Structures are given as structure tokens and as C-alpha cells.
Amino acid sequence: MSTDTYICSVERSNVLATDIAADPGRYRTLTGERPTGPLHIGHLFGTIRERVRLQDLGVETMIVLADYQVITDRDAIGHVRQHVYDAALDNMAAGIDPDRSTIFTHSAVPALNQLILPFLSLVTEAELHRNPTVKAELAASGRALSGLLLTYPVHQAADILFCKANVVPVGKDQLPHIEMARVIARRFKDRYAAVFTEPQALLTSSPDVPGLDGRKMSKSFGNAITLSMTPDETARVVRRTATDSERHISYDPDTRPGVSALLTIAALCTGRSPESIAADVGSAGSGALKTLVTEAVNSFLAGHRRRRAELALDPGYVRSVVRRGNERANEIAEQTLDEVRRVMGTHY
């Protein structure tokens with residue numbers, strides 16, 4: 001993406017943010033995640049808090065737990081059912097209100113997935129190969145390019161367009177997915193009729209949350225602090241973090257990734273800068289730093305963990321939230337698919 005294109009995206013996002021604040025009822029947003037394992041603090045800082053903010057403003061919020069997309073880059077679907085319920089728990093513990101927002105699963109909405117076929121006819125193979133996420137995921141997987149991974153951007157476009165979401169909160173690296181959805185909406189209009197709203201990207205200022213080893217925090221890397229951990233479990237994973245032999249603590253992500261990751265996590269949880277925390281620890285060493293990080297994380301997550309534990313006492317309620325969300329998503333998807341069939345001439 002060129003610098004000029006990104007600047008234009010930022011300008012449009014700023015105008016959109018102003019419009020949302022003035023009239024949130026005009027907007028519907030779609031966000032979500034793949035339920036591949038426990039959610040971690042990177043999810044909380046990166047996406048969940050933003051969707052809670054939009055919900056509380058009055059934006060209609062749709063949250064897809066994209067269980068079908070779990071197998072985009074892996075052979076097995078794993079314990080996906082439990083991961084779905086755990087993700088619902090974490091979203092609600094963070095402030096998502098199921099009476100105001102819709103939490104649903106990808107596989108439970110057949111009409112959504114039926115949209116993928118006509119959408120695939122509107123994009124070229126070359127466009128799919130150029131998608132940055134497809135290229136990045138292929139490189140990371142170390143395996144042959146599957147049809148599901150190649151068409152992943154179209155699946156994401158269907159997630160957005162089926163509910164006619166007109167705002168999607170994203171980071172810079174996800175802008176190509178929004179553009180793909182916009183392209184499909186325009187081409188469908190040109191070929192058939194104006195059924196879909198072109199979604200707009202709301203660029204978020206979400207911080208990059210490093211994993212405990214300095215790499216991106218990821219379930220697959222095993223370097224995450226998950227939201228469901230107990231305080232003692234948090235202490236154990238922080239204590240195991242590899243640092244270095246230098247006793248004086250300093251913030252230097254390039255040469256001290258482990259130490260710097262710990263400082264960044266503490267900074268996010270306390271609202272301070274990593275440099276100021278490093279100055280406070282000084283020559284007390286990595287042990288003191290790890291104690292500080294453990295206390296910061298446990299304090300920051302205390303309310304979330306308390307609410308999560310209370311919700312987990314009633315698993316039937318959590319299942320009912322997902323079930324009601326699936327019913328709502330199916331209603332919307334069926335209406336949209338009916339429109340698509342009518343304008344395509346396949347309504348019998």
C-alpha cells in the first residue's frame with residue numbers, strides 16, 4: 001500500500017469516526033475472530049475493547065466467531081466448540097452485551113456461506129493471489145496453497161456484506177480485506193443491482209501487543225497471556241519468559257526482545273510508558289521486572305476475570321447467547337440471500 005493511499009484511508013476514517021459519534025444509529029459493524037484457542041490480552045487491546053466502545057456508542061455490533069475459518073491454515077478443527085463458548089465468555093466479560101450485540105458462529109449461518117459462490121465470480125485469481133494476508137498466511141503455514149486459503153478474502157467479504165455492515169474497525173494491515181469487500185459490492189451492483197453497502201474502514205489505534213518472546217502475541221507461538229489464566233498461571237508464564245544476562249533493565253526491542261516485551265505489556269496494563277517502567281526497575285534485574293509485570297497484568301485483568309468466572313457458572317446461559325446470536329444472524333442472512341436470488345433471477 002502506498003503512503004498516499006494510506007493517508008487517504010486515515011482521512012476517510014477520521015471523517016467516519018466523527019459521523020459515528022454524531023449518529024451511531026446509522027451504523028452496523030462486523031468484527032470477529034477465529035476460535036482457534038483461548039483469547040489473550042492482544043485480542044483485548046487489539047479488537048475487543050474497540051467493539052465494546054462502538055457498542056456503547058450505539059452502533060449495532062455483529063461479532064462472528066469464524067469457526068469454519070479455523071481450517072484455513074490447519075488440518076484439524078480442534079476443540080472449536082469450547083473455543084467458541086470461551087470467546088463468547090471473554091467478549092461478555094469485557095463488556096459486550098448480548099441484548100445489544102449479536103455473537104454468532106460462521107458455520108451456523110448457511111445463507112452467509114451461500115453468498116461466497118456468486119462473490120467468487122466477481123474476483124479474479126490474480127486478485128486473490130495479490131492479497132497480502134493470503135501471501136503472509138501461506139508463507140507462515142509452510143504448506144501448499146489450499147483453495148480455502150486462496151479464497152479467504154472472499155469469505156471475509158461475505159462475513160461483512162451478508163449483514164450489510166457499513167463500518168469495520170481494522171488495523172492498517174487489514175485494509176486490503178475491506179477493499180476486497182468494497183470491490184465485490186461495486187461489481188455486484190454493476191452486474192446485477194445495488195444490494196450491498198460498501199463498508200468503510202474505521203482505522204483503530206490499537207497497540208501492537210508483543211508476545212512474551214518479543215514476537216507477535218499468538219496462540220500458535222505459545223507466547224501469550226490468555227484472558228482465562230488465573231493469577232498464579234500468569235505468574236508462571238511471566239516467570240518463564242527468557243530475558244538476558246544484563247541486570248540493568250532498559251527498553252530496546254531490537255536487542256532485548258524479551259525484556260522489552262515485558263516492559264510493553266506492563267506499560268499497556270498501567271497506562272505508563274515502557275521507558276519509565278524500565279527506569280523504575282533500573283538495576284533491580286529481570287526478577288523485579290517480572291514481579292512488576294505479573295502484578296500489573298493481574299491487577300488490570302482482575303475485573304475481567306471476576307466477570308468471566310461469574311458468567312462461566314452458568315454454561316447454559318453462554319450457549320443460549322450463541323444460539324440466539326445464530327438465530328439473529330440467520331434472519332439477516334436469509335433476507336440478504338433472498339435479495340441476491342431475486343436480482344440474479346434465481347428466485348423460484
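**Strands, core and a pocket in a predicted model**

Strands 4 and 5 run parallel and are joined by four bridges. The model described here is predicted. Strand 4 spans residues 167-170, and strand 5 spans residues 200-203. Within this pair, P169 of strand 4 has L202 of strand 5 opposite it. The connection between the two strands goes through helix 10, and the resulting β-α-β crossover is right-handed. Strand 4 is covered on both of its faces. V167 and P169 lie on one side, V168 and V170 lie on the other, and all four are buried. This fits a general pattern: in a regular strand, side chains alternate between the two faces of the sheet.

Just before strand 4 comes a loop, which links helix 9 (152-162) to that strand and holds K164. The backbone at K164 has a positive phi of about 55 degrees, although K164 is not a glycine. How accessible is K164? Its relative accessibility is 24%, so K164 counts as partly exposed, because the buried class ends at 20% and the exposed class begins over 50%.

Helix 10, the connection between strands 4 and 5, also takes part in a pocket. The second largest pocket has a volume of about 270 Å³. There are 12 residues in its lining, and those closest to the pocket centre are S9, R12, L175, E179 and R182. Helix 1 (3-22), helix 10 (175-191) and strand 5 are the elements that give two or more residues to the lining. Which of the elements gives the most? Helix 10 does, with five residues. By residue class, the lining of this pocket is made up of six nonpolar, three polar and three charged residues.

A second group of strands can be followed from strand 1. This strand covers residues 28-33, and five of its six residues are buried, so strand 1 is largely enclosed by the rest of the structure. Strand 1 pairs with strand 2 (residues 60-65) in the parallel sense, over six bridges. One point of contact in this pairing is L30, whose bridge partner in strand 2 is M62. To get from strand 1 to strand 2 the chain passes through helix 2 (residues 41-57), in a right-handed β-α-β crossover.

Strand 2 also pairs with strand 3: the two run parallel and are joined by five bridges. Here V64 of strand 2 stands opposite F104 of strand 3. The chain reaches strand 3 from strand 2 by way of helix 3, and this β-α-β crossover is right-handed. Is strand 3 (residues 101-105) largely enclosed or open? Five of its five residues are buried, so strand 3 is largely enclosed by the rest of the structure. Its side chains divide between two directions, with S101, I103 and T105 pointing one way and T102 and F104 the other.

One of these residues, I103, leads on to the nonpolar core. The largest nonpolar core contains 48 residues, and I103 is among those with the most contacts inside it, together with I41, I225, I265, L289 and V293. Strand 2 and helices 2 and 3 each give two or more residues to this core, as do helix 11 (231-239), helix 12 (257-270), helix 13 (274-281), helix 14 (285-312) and helix 15 (315-344). The largest share comes from helix 3, with eight residues. As a general tendency, nonpolar side chains in soluble globular proteins are buried together.

Several residues in or between these helices are partly exposed. G46 is found in helix 2, and its relative accessibility of 21% makes it partly exposed, because buried residues have under 20%. The C-alpha atom of G46 is separated by 14 Å from that of I225, although their positions lie 179 residues apart along the chain as a sequence distance. S273 sits in the loop between helix 12 and helix 13 and is partly exposed, with a relative accessible area of 32%. Between the C-alpha atoms of S273 and A329, which are 56 residues apart along the chain, the separation is 41 Å. In helix 15 is R341, which counts as partly exposed at 30% relative accessibility. The C-alpha atoms of R341 and Y6 are separated by 36 Å, and the two residues are 335 apart along the chain.

Conventions
Residues are numbered from 1 along each chain as its sequence is written. This is a predicted model: local features need pLDDT of at least 70, side-chain atom pairs count only at pLDDT 80 or more; totals for chains, interfaces and linings use all residues. Side-chain values use heavy atoms; hydrogens and water are left out. Buried means under 20% relative accessible area, exposed over 50%, partly exposed in between (1.4 Å probe, protein chains only). Two strands pair if DSSP finds at least two bridges between them. A crossover is right-handed if, with the strands pointing away from the viewer, the path from the first strand over the helix to the second runs clockwise. On a 1 Å grid over the protein atoms alone, a cavity is a set of points where a 1.4 Å probe fits but cannot get out, and a pocket is an open set with protein on both sides within 12 Å along at least five of seven lines; lining residues have an atom within 4 Å of a point. Grid points are joined across faces, edges and corners, and a volume is the space filled by probe spheres set on the points. Ala, Val, Leu, Ile, Met, Phe, Trp, Tyr, Cys and Pro count as nonpolar, Asp, Glu, Lys and Arg as charged, and the others, Gly among them, as polar. A nonpolar core is a set of buried Ala, Val, Leu, Ile, Met, Phe, Trp, Tyr and Cys residues joined through side-chain atoms within 4.5 Å.
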